[in-house]
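Me: I'm new to reading protein models. Could you walk me through one, feature by feature?
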Amino acid sequence: MTLTLILLAIAAVLFFWGMGAYNNLVTLKNQVQNAWSQIDVQLQRRYDLIPNLVESVKGYMAYEKGTLESVIKARNQAASALESLDKTGGPTEGSMKEFLGAESSLRGALGQFFALAENYPELRASENMKMLQEELATTENKIAFSRQAYNDQAMLYNTAQQKFPVNMIAGTFGHHAVELYEVQDQEAKKAVKVSF
Amino acid sequence: MAMDFWAAQKRARYWTTLYIALFVILTAVMAVCVELALRAFSPDYAETSFPIFGALFAFLTFIVAAFQYLNFRTQGGSFVARSLGAREVRFTSKNPKELQLLNIVEEISIASGMPMPSVYILNKPSINAFAAGLTPSTAAVTVTDGALDTLNREELQGVIAHEFGHISNGDMAISMRLAALVMGFFFILFIALRILRISSLTGDQGKKGGQVLVLASLVFFLAGSVMWFFGSILKSAVSREREYLADASAVQFTRNPDGIVNALRKIANETVTDMPDNGAYSHLYFDDRTPFSGLFHTHPPLKKRIQALLNRDYIPPEWNIPS
């Protein structure tokens with residue numbers, strides 16, 4: 001009788017502990033997903049802006065066809081990497097690596113494009129161009145700022161999974177470490193400088 | 001050695017609590033003084049031992065302060081912005097500068113994790129900006145035309161981030177509370193002055209009741225003035241401390257000290273001062289016209305603020321801001 005009671009008590013404690021740990025992980029996971037979707041919105045916005053940008057400079061920069069094409073190519077790659085990342089259920093290991101690689105080459109192509117655009121005074125004066133430039137600048141900034149929030153949330157979620165004894169049940173309920181959105185070199189950490 | 005931001009924030013909160021406590025104590029002491037003074041001058045008025053005038057003084061002050069505070073609360077930031085003559089900017093605007101301003105505000109609201117406030121523009125050529133509203137959800141950020149025209153994108157971002165710093169550090173709630181208390185004292189002073197005027201006009205000093213009234217008004221006027229004077233000094237002292245913290249928050253949100261530093265430099269170099277001369281809201285924006293120099297200034301000297309930013313005072317190392 002006493003033994004049964006003790007066992008029941010232990011089972012109850014374990015159950016309530018498990019429930020708390022489970023709910024905590026779910027909350028954290030949702031927060032990570034929310035933070036990621038904030039980035040996602042801004043990334044999509046940028047992928048939409050880039051074709052407009054290229055379209056509106058084509059007339060001015062006829063001789064830089066190669067650069068424009070590489071911007072579009074890098075943009076398409078990054079966009080499809082983001083798409084497959086979203087399909088596979090968020091920023092997990094493999095898909096994140098591919099996305100970060102594609103993003104980094106897009107940044108490189110954009111940087112090159114803006115460096116070249118400095119040589120075209122009529123382009124700098126164009127109202128339409130100024131507007132696109134501002135849109136791109138603010139999107140870059142928003143990506144940079146939401147990345148910070150996302151990384152903070154991802155860190156919290158990962159730490160909660162790794163701590164003992166939660167680490168014994170986390171995998172069972174489908175929780176896995178999420179990847180941080182890290183930008184490698186110090187210069188690239190700042191938003192791409194969108195200016196002429 | 002950089003001073004710890006969190007420690008400084010804690011210290012600022014501590015001082016603010018202390019100042020408010022001091023305010024309340026001073027009011028109580030003043031109420032006792034009022035009572036004693038009246039009893040000394042007119043001993044025969046007191047048929048009861050209840051301190052009528054002292055209680056009246058304290059009661060009036062707190063009632064007016066509470067009323068004023070509730071007023072500030074319900075009005076929100078937009079009310080303050082509009083009452084200073086600012087107009088709201090929306091994304092439907094066609095002006096690229098205004099759209100850029102909205103973009104910047106949106107960026108910083110992402111960086112700070114706070115809701116997007118209403119944005120206002122004040123038609124003044126000097127560079128200035130302020131945040132008003134007691135909670136993040138009722139906050140409004142206002143910038144002047146001068147700031148919009150003179151500052152570049154990076155500097156404007158720094159200024160907006162500074163205003164968000166005020167919102168996230170809860171500075172508006174505190175300064176509004178202090179402003180409400182100061183208003184309470186001002187009200188007493190004002191009423192007493194009115195009564196003095198009226199009774200001197202009607203010329204009923206001869207009667208005994210009139211005498212007490214004049215005397216009471218005089219004492220209330222003096223007490224109210226003294227409290228208003230010290231209250232204003234305290235209000236300014238609290239406000240000054242919080243400017244440094246808002247500057248540090250600007251660096252925290254933008255991870256870029258250059259924006260706010262260059263903006264402050266531009267402000268230091270300008271000569272126009274034409275912000276509205278409105279006592280109740282004057283602590284929101286900087287204005288160096290107030291007399292008695294340092295004591296009444298709600299903002300520290302720009303040189304000191306720039307120096308604090310350059311020294312990375314208040315900026316903790318974990319923000320990874322290169323020095």
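Reply: Sure! Keep in mind that this is a predicted model. Let's begin with the order of elements in chain B: from the N terminus on, they run α-α-β-α-β-β-β-α-α-α-α-α-α. That makes nine helices and four strands.

Me: How much of chain B is buried, and what does its exposed surface consist of?
Reply: A residue counts as buried when its relative accessible area is under 20%. In chain B, buried residues make up 52% of the 323 residues. The chain exposes about 15,100 Å², and carbon and sulfur atoms supply 64% of that area.

Me: Which contacts tell me about the fold of chain B?
Reply: Try looking at how far apart in sequence the partners are. Taking contacts in chain B between residues at least 6 apart in sequence, 72% join residues at least 24 apart.

Me: Can we zoom in on one residue there?
Reply: Let's take B:Asn169, found in the loop between α5 (153–168) and α6 (171–202) of chain B. Its relative accessible area is 6%, so B:Asn169 counts as buried. The side chain of B:Asn169 also has a polar contact, at 3.3 Å, with the side chain of B:Ser249.

Me: And how do I read a salt bridge?
Reply: Look for a side-chain nitrogen of Lys or Arg within 4 Å of a carboxyl oxygen of Asp or Glu. Over all chains, a search of the whole structure finds 15 of them. One of these joins the side chains of A:Glu135 and A:Arg45, at 2.6 Å from N to O. A:Glu135 sits in helix α5 of chain A and A:Arg45 in helix α1 of chain A, so this pair ties together parts that are 90 residues apart in sequence.

Me: Are A:Glu135 and A:Arg45 buried or exposed?
Reply: They fall in between. A:Glu135 has 22% relative accessibility, so it counts as partly exposed. A:Arg45 is partly exposed too, with a relative accessible area of 36%.

Me: Where could I look for a buried pair?
Reply: Go to A:Glu140 and A:Arg46, whose side chains meet in a salt bridge at 2.8 Å, N to O. The two link distant parts of the chain, with A:Glu140 in helix α5 and A:Arg46 in helix α1 of chain A, 94 residues apart. Both A:Glu140 and A:Arg46 are buried.

Me: What about a salt bridge inside chain B?
Reply: There, B:Arg87 pairs with B:Glu98, their closest N and O atoms being 3.1 Å apart. B:Arg87 lies in strand β1 (residues 87–89) and B:Glu98 in helix α3 (residues 96–112), so the pair ties together parts that are 11 residues apart in sequence. B:Arg87 is partly exposed at 42%, whereas B:Glu98 counts as buried at 9% relative accessibility.

Me: Now, how do I read the place where the two chains touch?
Reply: Start with the residues and the area. Chain A brings 10 residues to the contact and chain B brings 12. The area buried between them is about 930 Å², with carbon and sulfur atoms giving 50%. On the chain A side, A:Glu134, A:Lys142 and A:Phe145 lose the most area to chain B, together 59% of what that side buries.

Me: How many salt bridges cross the interface?
Reply: The rule finds two. One of them pairs B:Glu106 with A:Lys142, the closest N and O atoms being 2.4 Å apart. Helix α5 (residues 127–162) of chain A gives the most to its side, with nine residues. By type, the residues on that side divide into two nonpolar, five polar and three charged.

How values were computed
Residues numbered from 1 in each chain as written. Chains lettered and ligands numbered in written order. Predicted model: local features only at pLDDT ≥ 70, side-chain atom pairs only at ≥ 80, totals over all residues. Heavy atoms only, no water. Contact = heavy atoms within 4.5 Å. Buried area = accessible area lost by both parts, 1.4 Å probe. Nonpolar A, V, L, I, M, F, W, Y, C, P; charged D, E, K, R; others polar. Buried < 20%, exposed > 50% of the residue type's maximum accessible area, 1.4 Å probe, protein only. Areas by Shrake-Rupley, 256 points an atom, 1.4 Å probe, with all protein chains shown as cover. Polar contact = N/O pair within 3.5 Å; in protein donor to acceptor, adjacent residues only side chain to side chain.
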